[in-house]
Amino acid sequence: MIAYFIRRLWQMIPTMLGVMLLVFVLFNWVGGDPTFILEGKRLTPEIMANIRVQLGLDKSLPEQFLLFVKQVLTYDFGNSWATQQSVSATLANRVGPSVILAGSLLLLELLTALPIAVAVAYFRGSLTDRLVTMICTVAMSVSSLVYIIVGQYQLAFAWDLFPVMGWDDNSAVANLLVYLPLPLLLGLLVALAPSVRFYRSFVVEELNHDYVRTARAKGLSEPKVLFKHVLRNALIPVVTNITMSLPFLMLGSMLLERFFGIPGMGNELLNAVDKSDFPVIKAITITIAAAAMVFNLLADLLYKQIDPRVQLK
Amino acid sequence: MTTLQHAAGAAPAPAPSRSLWQLGWQRLKRDRIGFACLWIVAGFIVLALASWAGLAGRGWNDEIAVSYAPPTFLYQQEHKAVAAASAVQTGSEPKLQGLLPQEDPIWAETQAAYKNRAKYVMPEVKKEPSLTFGADIRGRDLLDKVIKGTSTSLSVGFFGALLSVVIGAALGASAGFFGRKVDDFLMWFYSVFTAMPDMLLLLAFAAVAGRGLGTVILVLSLTSWPGTFRLVRAEFIKLRSREFVQAADAIGASSSRKMFIHILPNISHLLLVQFSLLMVGLIKYEVILSFLGFGVDVRQVSWGSMLAEVPEELLQGYWWQLAMVVAFMSVLVTAFSMLTDSLRDALDPKVK
């Protein structure tokens, strides 16, 4: 287990280097000269040379890459071009709201999608099953944008059930009780259909196995068969789905963050892209990529906990 | 003559063997829902082609109606309501009472302005008070606009998915066929691309690559190839040691011939399904990108850029643009996803 863990950590290094190389090439080679973005029209040769020295652009490319590696290792990406504030400090403030939103969304989704999926899979082939699958397909093809636009307008603006947008920097309770319910509800609406479909297919597959027949033959009650035996075995794809989607969820809730004015990573990224604020984009890209790799590893370690038959190699 | 000889022989003629495609087509035709979806998707493609050829949706940028002209049926309802209300209070038309010259401080100026204006002949622009499906803020016909958007979205989806499948298949074929160092390198490349969420990669690319239809297609395909890569690589590893490849090897076929003439046709049905899956996904992505302002530029219109106008309109009670986009987009995407499911079932060689 420990040997496996260390080997996996070791394997992350080339991937991380690749991510850094990709980001570096993207922003230094494709991205054009940042001096133009920074200073725009009032550009004199002196200002340009000054900026180039400040950004380290006067150095050779390998040296610049090393500089970037150093930035990543120390997690110090310099100052944002747009706000002149430290990128790392800004991002540290942004992680909290994103984690709260994505975390509670994930929990809610799990608590609703799994029971529905198990129930639908149990009645597979029936009219209910086909109807739910059909509704899921249709629901998935309406853009998530539409749910958010219509939901925010109807529930918050027209019916005044929720605040239209907002965030309290000082009070987590206010956020959870006042500002989060609507984004969560809409996020759940968006996420439910694909999750139900995904989980359903795995539960259906598990139901065909011999151990289910054995469990029934022993005289176990159906809920026990379903929730104790089947669900445990269908849990591996569920765990994969969750751990894989965690870092992605952070960006997936980007639209929610933008619409509801939640100061998270996604919102920050959108603003940064809008202003060509390269340091911030670089920092977010690296952070999310690292998070994705860590969560992947966690998923593999969790498999072993859920299913002792899994061999970690 | 061979057929005659067969017919004359005592042994019954063997049923003509059908290719995977013919079998797949037959299975698809038997699947009523899948076949209906095929027709719907075909309809959208015809619409997009017509728009592309300038036959439909050509006037999407013409300002032919008043701002936010309502759909005709709403307008008529309103008309009836107004007529009914005015019928109640008969004849008591309030007369406008203008101010007298001695009371109005700018009387002279107003009169001069009126006289001045009379010198110029203003071209009378007739603007429709209502359109069948309504108009947007600049009075552009929403039907034309949504048709133009369909063609944009479909071409982004089509070319993006095509490019993505080509990249994924080429890299996957190389990795699976050559193995060893090539495979190691390409797997590393793959893991780098998959370490980042699509949306993040898309935005990073969009930040540096500028805006426009071509960029969107390129960016979408550059971020979406890993799925195809994984699939093709696995199939190539499975097929590369089969007898038919060895036979090709024995007669001296080159590597590229073995890869693309001998192995690739065997997985073409997988590529088709992958293509149609990608197309649905990219259409949805393009909508979000354009909505955020990183997609098509202002000279184009897409469902995403139309949706971007919706939140403000809703606050003023104009819902028709939203309705048009949702109707077109959800019908196409639903039909396309269901067609993809049917296609996957129909082309699965294990199903008899």
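Read along its sequence, chain A of this predicted model follows the pattern α-α-α-α-α-α-α-α-α-α-α-α-α-α. The chain accordingly holds 14 helices and zero strands. Taken along the principal axes, the C-alpha atoms of chain A fill a box of roughly 85 × 55 × 35 Å. Of its 313 residues, 45% count as buried. Among the contacts in chain A with a separation of 6 or more, 71% are accounted for by residues 24 or more positions apart.

The largest nonpolar core comprises 159 residues. Those members that touch the most other members are A:Phe68, A:Ile281 and A:Ile286 from chain A, together with B:Phe236, B:Leu292, B:Trp303 and B:Leu307 from chain B. The surroundings of B:Trp303 were examined further. Not counting residues up to four places away in sequence, B:Trp303 touches B:Val146, B:Gly149, B:Thr150 and B:Ser153, as well as B:Ile283 and B:Val287. Its other contacts under that condition are B:Val325, B:Phe328, B:Met329 and B:Leu332.

The contact between the two chains takes 43 residues from chain A and 38 residues from chain B. Chain B and chain A bury about 3,400 Å² between them, and 84% of this area lies on carbon and sulfur atoms. The rule for polar contacts finds five residue pairs across the interface, with both residues at pLDDT 80 or more. On the side of chain B that touches chain A, at least two residues each are supplied by helix H7 (180–194), helix H8 (198–209), helix H13 (268–292), helix H15 (310–315) and helix H16 (320–346) of chain B. The residues of this side divide into 29 nonpolar, five polar and four charged. The count of salt bridges between chain B and chain A is one. In this salt bridge the side chains of B:Asp341 and A:Arg197 meet, at 3.5 Å from N to O.

Over all chains, a search of the whole structure finds 14 salt bridges. One of them joins A:Arg200 to A:Asp129, with the closest N and O atoms 2.8 Å apart. This pair links distant parts of the chain, since A:Arg200 lies in helix H9 (residues 181–207) and A:Asp129 in helix H6 (residues 127–141) of chain A, 71 residues apart. A:Arg200 has a relative accessible area of 19% and is therefore buried. A:Asp129, with a relative accessible area of 3%, is likewise buried.

In chain B, the side chains of B:Arg233 and B:Asp183 meet in a salt bridge of 2.7 Å, N to O. Here too the pair links distant parts of the chain: B:Arg233 belongs to helix H10 (residues 226–239) and B:Asp183 to helix H7 of chain B, 50 residues apart. B:Arg233 counts as buried at 14% relative accessibility, and B:Asp183 counts as buried at 12%.

A salt bridge within helix H10 of chain B is formed by B:Lys238 and B:Glu235, whose closest N and O atoms are 3.4 Å apart. Because B:Lys238 and B:Glu235 are three residues apart in this helix, they are separated by about one helical turn. B:Lys238 counts as partly exposed at 46% relative accessibility, whereas B:Glu235 counts as buried at 17%. In addition, B:Asp136, B:Arg140, B:Lys145 and B:Glu309 are linked in a network of salt bridges. Side chains of opposite charge can pair when their charged atoms come close.

Backbone geometry was also considered. Most residues other than glycine have a negative phi. A:Tyr75, although not a glycine, has a positive phi of about 50 degrees. This residue is found in the loop between helix H4 (61–74) and helix H5 (87–122) of chain A. With 32% relative accessibility, A:Tyr75 counts as partly exposed. In chain B, the phi of B:Tyr68 is near 55 degrees, also a positive value in a residue other than glycine. B:Tyr68 is placed in the loop between helix H3 (32–52) and helix H4 (72–88) of chain B. Its relative accessible area is 11%, so B:Tyr68 is buried.

A further buried position in chain B is B:Ser151, at 10% relative accessibility. B:Ser151 is found in helix H6 (residues 142–178) of chain B. Leaving aside neighbours within four places in sequence, B:Ser151 is in contact with B:Ala48 and B:Ser51.

Terms used: Residues numbered from 1 in each chain as written. Chains lettered and ligands numbered in written order. Predicted model: local features only at pLDDT ≥ 70, side-chain atom pairs only at ≥ 80, totals over all residues. Heavy atoms only, no water. Contact = heavy atoms within 4.5 Å. Buried area = accessible area lost by both parts, 1.4 Å probe. Salt bridge = Lys/Arg side-chain N within 4 Å of Asp/Glu carboxyl O. Polar contact = N/O pair within 3.5 Å; in protein donor to acceptor, adjacent residues only side chain to side chain. Helix = DSSP H or I, 4+ residues; strand = E, 2+ residues; numbered from the N terminus. Nonpolar A, V, L, I, M, F, W, Y, C, P; charged D, E, K, R; others polar. Buried < 20%, exposed > 50% of the residue type's maximum accessible area, 1.4 Å probe, protein only. Core = buried A, V, L, I, M, F, W, Y, C linked by side-chain atoms within 4.5 Å.
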